[in-house]
Structures are given as C-alpha cells and as structure tokens.
Amino acid sequence: MNNLTQGDRVFHPNKKGWGLGKVLSVTPDNIDVFFVGTGSKRLSKSFVKLEIAEGAAAKHRLLDNLGEASQLGSADYVSLSMAIERFLAIYPDGFATPSFLKNEREANVRAHQFCIQLLGEKEISELIAEHRYQDVCDRARHVESMTNLLTKSEKTLLYAALDLPENQKIFAVGLADLLYGTDSEEYRFKLFVRVLDLLEINRWQYATLFGFIRFPLVKAFIKPTVIQNVTKALCWRINYKPEANWGSYAAVLRLYNHLRTSLVEEGLIPRDMIDVHSFIGSVGKK
C-alpha cells in the first residue's frame, strides 16, 4: 500500500462489496479512495493493504468520469444498486410498470412519433426550401406541447421567441441543421446553441429537447437542476455551466450511456434514453 499513488485502481481485500476503487490522495498515514460500491473512504495504512487492480479489472466507466476529489462526499453518494432500489420502489415492475408507461413514457413517445411526421428530414427540408419558416416553428411548438419535459414558464419563453418573425428563419434553419446536418454532432450542437443565443433563450432545456425527442435512442435531455443534483449524487463529472455547451452535454451523454449499459447488465433493459431519463429522475428521490 505504501507504493500507491493518486489515480491507481484498487480493491479492498476484506470489502468485496465496495467494488473497484480509485485512489484520490495519499498521505504518510492515510489513503483516500473512492469505491464504486460505497463512495469515498479514508483508510489507515497501518490496518489495511489494498490490492492493485490491473487490466480489464481496473476499468470502470464511473471512475473514468469521476468528479473532483474535493466534492466526493460518501454521505450523499448514490451507487447504482441504490439508484435501482429507489427506482423499483416507485416502479416495482421496472420499465414495464403501468404507471411508468403512463406517467413517464407515453407522452414523450407520442411526441417522438409526431416529430417524425412533422419534422422529419424530408418535411423540414421542403418547408425551408419553400421559406415556410413559421410552419417549422409551429410544428416545433406542437411537438414540444406533446411532451412532459418543460414547465409552463419554459413553454411560454420558447413560444414567445418563436412567435417573432425575425427569429423564425434562424430557428428553422438551425433546427434542421441540428437534427439532420452532415457536420459533426459537436459542430451542429454548438451552432444550435449560437442560434439560441441570438434568440436570447440559450437554456439547456431548449438546446437538448428536440434532439432528444427526434432521436431518443441516442440523445439526452437536460434539466439544469435535475442534472446537477443527479451528477452530484452519482459523483459523475460534467463541468456544469448554466449556458448550454458541448463539453457538459457530451459528459451528460456519457452518463446516459453508462446508465443504459449498466441497467442492461442488471437486467432492467431500458428501451431508449426516454427510459434512462426517467430513471435519472428517480435518483434524486429518497
């Protein structure tokens, strides 16, 4: 244990349930380690000798995206098993629970189906070619109205921005490029954020809603308060900023993918990111 350094991956020989750990800091007397199964622990070098993890055994998605050491308190840490327990306490049959389907899933699936019909690649391209920018905005509003993602005040702000004729072309073209452009996902996301800046509505909800509804298999939706609370509970690093930005979005997308994979491994089988989004919402409920 005396040879351990910050960043090493380790196991506790007598606490197998703690799982894989990452060394956070080392002092002459103690070692601070974050274990995926229990959170941060301060261990005395005099009483325990940690085992070094190597190769495949040293890999873990959470430890690769772990938050700053100064923010990793064990008291509020929610492990994957705890998160699943909370979710199943609300929805005992998991993603097949009737109340889950009704309260969490149906509205957003319906919005996805309408988005394909109203804002499919062919449809939005034809509208823009015909300079029918208001129609694109009206369809975007209609799609959003079918979701359960925005609050009343958030809807009001978005609708007011899309009602202004001077905003409609830039939003319509920006939305089409976000959803169907040929540049990299990062470039298109940044460009759409710039559009929202010009419309003075650069908020996470608007930056992520339409991608999430159009492509629920691969996109994430971000509510600022929820994602800050959840990433803190899960100790997942996103470098959050109030304004939508690619770096934080990419980190959240990694979290969504991590949870989706982990839930499949645990037998819960989320169908898409709509299910993952709802699972994330349950993490903050005690």
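The following exercises, each with a worked solution, explore a predicted model of one protein.

**Exercise 1. Overall make-up**

Find how many helices and strands the protein has, and what share of its residues count as buried.

*Solution.* Begin with the secondary structure, where the count comes to 12 helices and 5 strands. Next, take the extent of the chain: along the principal axes, the C-alpha atoms fill a box of roughly 75 × 40 × 35 Å. Then turn to burial, for which 50% of the 286 residues count as buried. Finally, consider how the chain meets itself: among contacts between residues at least 6 apart in sequence, 61% join residues at least 24 apart.

**Exercise 2. The nonpolar cores**

Identify which residues have the most contacts inside the largest nonpolar core, and which helix gives the most to this core.

*Solution.* The largest nonpolar core has 84 residues, and those with the most contacts inside it are Leu-119, Phe-171, Leu-175 and Phe-279. Helix H11, which spans residues 246-265, gives the most to this core, with 10 residues. Apart from this core lies another one, of 10 residues, which includes Val-23, Phe-35, Val-48 and Leu-50. To see the surroundings of one residue of the largest core, take Leu-119 and leave aside its neighbours within four places in sequence: its contacts then include Phe-114, Ile-124, Val-136, Ala-140 and Val-143, together with Leu-175, Leu-179 and Tyr-180. Two arginines, Arg-139 and Arg-214, are also in contact with Leu-119.

**Exercise 3. The packing of two helices**

Decide whether helices H6 and H9 are roughly parallel or roughly perpendicular to each other, and name the residues that make their contact.

*Solution.* First locate the two elements: H6 covers residues 152-163 and H9 covers residues 204-214, and their axes lie 11 Å apart. Their packing angle is about 80 degrees, and angles of 65 to 115 degrees count as roughly perpendicular. H6 and H9 are therefore roughly perpendicular to each other. On the side of H6 the contact is made by Glu-154, Leu-157 and Leu-158, and on the side of H9 by Gln-205, Tyr-206 and Phe-210. Sorted by class, this contact has 4 nonpolar, 1 polar and 1 charged residues.

**Exercise 4. A tryptophan in a loop**

Work out where Trp-18 is found and whether Trp-18 is buried or exposed.

*Solution.* Trp-18 is found in the loop between strand E1 (9-11) and strand E2 (21-26). Its relative accessible area is 17%, and the limit for a buried residue is under 20%, so Trp-18 is buried. Now look for what surrounds Trp-18, leaving aside its neighbours within four places in sequence: the residues in contact are His-12, Phe-35, Val-36, Gly-37, Thr-38, Lys-41 and Leu-43. Of these, Gly-37 stands 19 residues away from Trp-18 in sequence, while the C-alpha atoms of the two are 4.3 Å apart in space.

**Exercise 5. Salt bridges along the chain**

Determine which parts of the chain are linked by the salt bridges Asp-64 to Arg-9 and Glu-265 to Arg-61.

*Solution.* As a starting point, side chains of opposite charge can pair when their charged atoms come close. A search of the whole structure finds 16 salt bridges. In one of them, the side chains of Asp-64 and Arg-9 meet at 2.9 Å, N to O. This pair links distant parts of the chain, since Asp-64 is in helix H1 (residues 61-64) and Arg-9 is in strand E1, 55 residues apart. Asp-64 counts as partly exposed at 45% relative accessibility, whereas Arg-9, at 15%, counts as buried.

In the other pair, the side chains of Glu-265 and Arg-61 meet at 3.8 Å, N to O. Glu-265 lies in helix H11 and Arg-61 in helix H1, so this salt bridge ties together parts that are 204 residues apart in sequence. Glu-265 is exposed, with a relative accessible area of 56%, and Arg-61 counts as partly exposed at 33%.

**Exercise 6. The buried side of helix H10**

List the buried residues of helix H10 and state what covers them.

*Solution.* Helix H10 runs over residues 224-234, and its buried residues are Pro-224, Ile-227, Val-230, Thr-231, Ala-233 and Leu-234. An α-helix has 3.6 residues a turn, so residues three or four places apart point the same way. The cover over the buried residues of H10 includes H1, H9, H11 and helix H12 (273-283). Just after H10, Cys-235 takes a positive phi of about 60 degrees.

Notes. Residues are numbered from 1 along each chain as its sequence is written. This is a predicted model: local features need pLDDT of at least 70, side-chain atom pairs count only at pLDDT 80 or more; totals for chains, interfaces and linings use all residues. Side-chain values use heavy atoms; hydrogens and water are left out. Axes are lines fitted to C-alpha atoms, for helices over the stretch in contact, and angles run from 0 to 180 degrees between N-to-C directions. Helices (H or I, at least four residues) and strands (E, at least two) are DSSP runs, numbered from the N terminus. Angles under 35 degrees count as roughly parallel, over 145 as roughly antiparallel, 65 to 115 as roughly perpendicular and the rest as oblique. Contact means heavy atoms within 4.5 Å. Ala, Val, Leu, Ile, Met, Phe, Trp, Tyr, Cys and Pro count as nonpolar, Asp, Glu, Lys and Arg as charged, and the others, Gly among them, as polar. A nonpolar core is a set of buried Ala, Val, Leu, Ile, Met, Phe, Trp, Tyr and Cys residues joined through side-chain atoms within 4.5 Å. Buried means under 20% relative accessible area, exposed over 50%, partly exposed in between (1.4 Å probe, protein chains only). A salt bridge is a side-chain nitrogen of Lys or Arg within 4 Å of a carboxyl oxygen of Asp or Glu.
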